[in-house]
Structure formats: C-alpha cells, structure tokens
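Student: I would like to learn how to read a model of this kind, one feature at a time. Could we go through it together?

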Amino acid sequence: MKKWLIFSGTSLLLVGIVGSSVYIRGGESLQTGTIITFPENKKFVAIELSNQSSFTSVHLIDVQVNNQAYPSGLELKQVEANKIITLSDQIDQPMTLQEIQKKNIERSNKKYMLKITHSKPIDRVSLTYKYVGKTQTQAIIFD
C-alpha cells in the first residue's frame with residue numbers, strides 16, 4: 001500500500017510540473033500596445049511593448065524590418081504608465097542591437113517604447129524574443 005501511495009504522489013507531482021511548464025511556456029508574453037506611425041514619413045515606427053508574464057523577463061533578441069533587413073536606428077526605453085507620450089520621428093538616444101539585447105522587458109505593469117527608423121518605408125517589423133528559454137517571433141504588418 002505504501003509503495004502505491006509513493007508512486008501516485010510522485011506521478012501527481014510529475015504531472016503538476018509538466019503541466020506548469022506547458023502553462024508557463026505557452027502563449028506569447030510580449031504584448032504590443034499602441035503603434036505609432038507617421039503617414040508622411042513611413043520610415044519611422046514606434047511600438048509600445050509590455051510583458052504580460054507573471055514569471056520572468058522577456059529578452060529581445062532581434063529586430064528586423066521589411067524582408068529581414070536591419071533597421072538603421074533603434075531605441076528602447078521604459079515609459080511611465082498613464083503618462084501622455086509625445087514622439088517625433090527622430091531617435092533621441094540611438095542604440096545598437098547589442099544594447100537592445102542587454103535590456104529586459106520586465107514583468108508587471110511597466111511599458112516600453114521601441115522606436116525604429118529605416119532608410120526605406122517600413123511595412124513590417126519582426127520582433128524575436130526569448131521567454132523562459134523559448135524563442136518566439138512576432139510580426140507586425142503595417143498597411
């Protein structure tokens with residue numbers, strides 16, 4: 001009888017761990033919010049990002065525009081919640097992709113603004129990120 005209880009307890013624990021892992025890794029934790037474009041200057045895009053995970057940070061790995069081109073300018077900064085954001089079509093503090101990769105999109109209710117410029121009009125942005133060891137790509141297509 002004791003062996004059966006130990007086996008069933010171990011099995012139940014294993015099922016719980018596997019189920020939790022599937023729950024944590026499922027779904028996209030990087031959420032996009034407001035997207036700002038300037039009709040007269042399609043070479044600039046600003047995308048609001050947030051981490052909807054309750055477990056860990058999201059790490060941006062890659063940012064590409066159009067057909068797998070790298071943007072000419074990037075900037076990622078945290079923005080205050082419930083504060084009006086005014087943007088120009090200029091990058092205030094240019095960053096390299098390596099600098100972007102070092103920043104974390106923290107969990108909780110923090111918001112981030114990713115500003116992207118490119119030498120040609122932007123019609124698509126691909127964000128590749130890592131969350132809980134899983135790499136995901138999210139595409140944003142502009143009309």
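Student: How much surface does the protein expose, and what share of it do carbon and sulfur atoms supply?

Tutor: The protein exposes about 9100 Å², and carbon and sulfur atoms supply 54% of that area. Accessible areas come from the Shrake-Rupley method with a 1.4 Å probe, and for residues only the protein chains shown count as cover. Before we go on, note that this is a predicted model: local features need pLDDT of at least 70, side-chain atom pairs count only at pLDDT 80 or more, and totals for chains, interfaces and linings use all residues. Residues are numbered from 1 along each chain as its sequence is written, and side-chain values use heavy atoms, with hydrogens and water left out.

Student: Which pattern of helices and strands does the protein follow?

Tutor: Helices (H or I, at least four residues) and strands (E, at least two) are DSSP runs, numbered from the N terminus. Here there are 2 helices and 8 strands, and along the sequence they read α-β-β-β-β-α-β-β-β-β.

Student: What share of the residues is buried?

Tutor: Buried means under 20% relative accessible area, exposed over 50%, and partly exposed in between (1.4 Å probe, protein chains only). Of the 143 residues in the protein, 35% are buried.

Student: Why is strand β3 described as largely enclosed?

Tutor: Strand β3 covers residues 58-65, and 6 of its 8 residues are buried, so the rest of the structure largely encloses it.

Student: Which strands pair with β3?

Tutor: Two strands pair if DSSP finds at least two bridges between them. β3 pairs with β5 (residues 104-105) in the antiparallel sense over 2 bridges, and V58 stands opposite I105 there. With β7 (residues 124-131), β3 also pairs in the antiparallel sense, over 6 bridges; on that side V65 stands opposite V125.

Student: Let us look at a residue of β7. Is K130 buried or partly exposed?

Tutor: K130, which lies in β7, is partly exposed, with a relative accessible area of 35%. Contact means heavy atoms within 4.5 Å. Leaving aside neighbours within four places in sequence, K130 is in contact with S57, V58, H59, I61 and T135. One of these, I61, is 69 residues away in sequence, yet the two C-alpha atoms are 6.8 Å apart.

Student: How many salt bridges does a search of the whole structure find?

Tutor: A salt bridge is a side-chain nitrogen of Lys or Arg within 4 Å of a carboxyl oxygen of Asp or Glu. The search finds 2. One joins the side chains of E75 and K77 at 3.7 Å, N to O, and another joins those of K115 and E75, also at 3.7 Å, N to O. K115 lies in β6 (residues 111-117) and E75 in β4 (residues 73-79), so this pair ties together parts that are 40 residues apart in sequence. E75, K77 and K115 are thus linked in a network.

Student: Which of these residues are buried, and which is partly exposed?

Tutor: K115 and E75 are both buried, with E75 at 1% relative accessibility. K77 counts as partly exposed, at 31%.

Student: Which backbone atom does the side chain of E75 reach?

Tutor: The side chain of E75 reaches the backbone nitrogen of Q93 at 3.4 Å. Not counting residues up to four places away in sequence, E75 touches I91, D92, Q93, M95, I100, M113, L114 and K115.

Student: Which residues touch the most other members of the largest nonpolar core?

Tutor: In soluble globular proteins, nonpolar side chains tend to be buried together. A nonpolar core is a set of buried Ala, Val, Leu, Ile, Met, Phe, Trp, Tyr and Cys residues joined through side-chain atoms within 4.5 Å. Of the 24 residues in the largest one, L49, L60, L76, L114, I116 and L127 touch the most other members. The elements giving two or more residues to this core are β2 (41-51), β3, β4, α2 (97-102), β6 and β7. Apart from it lies another core of 5 residues, among them F38, F44, A46 and V79.

Student: Where does I122 lie?

Tutor: I122 lies in the loop between β6 and β7, and is buried, with a relative accessible area of 6%. The C-alpha atoms of I122 and K42, 80 residues apart along the chain, are separated by 5.8 Å.

Conventions
A polar contact is a pair of N or O atoms within 3.5 Å; within protein, one must be able to donate a hydrogen and the other to accept it, and residues adjacent in sequence count only if both atoms are side-chain atoms.
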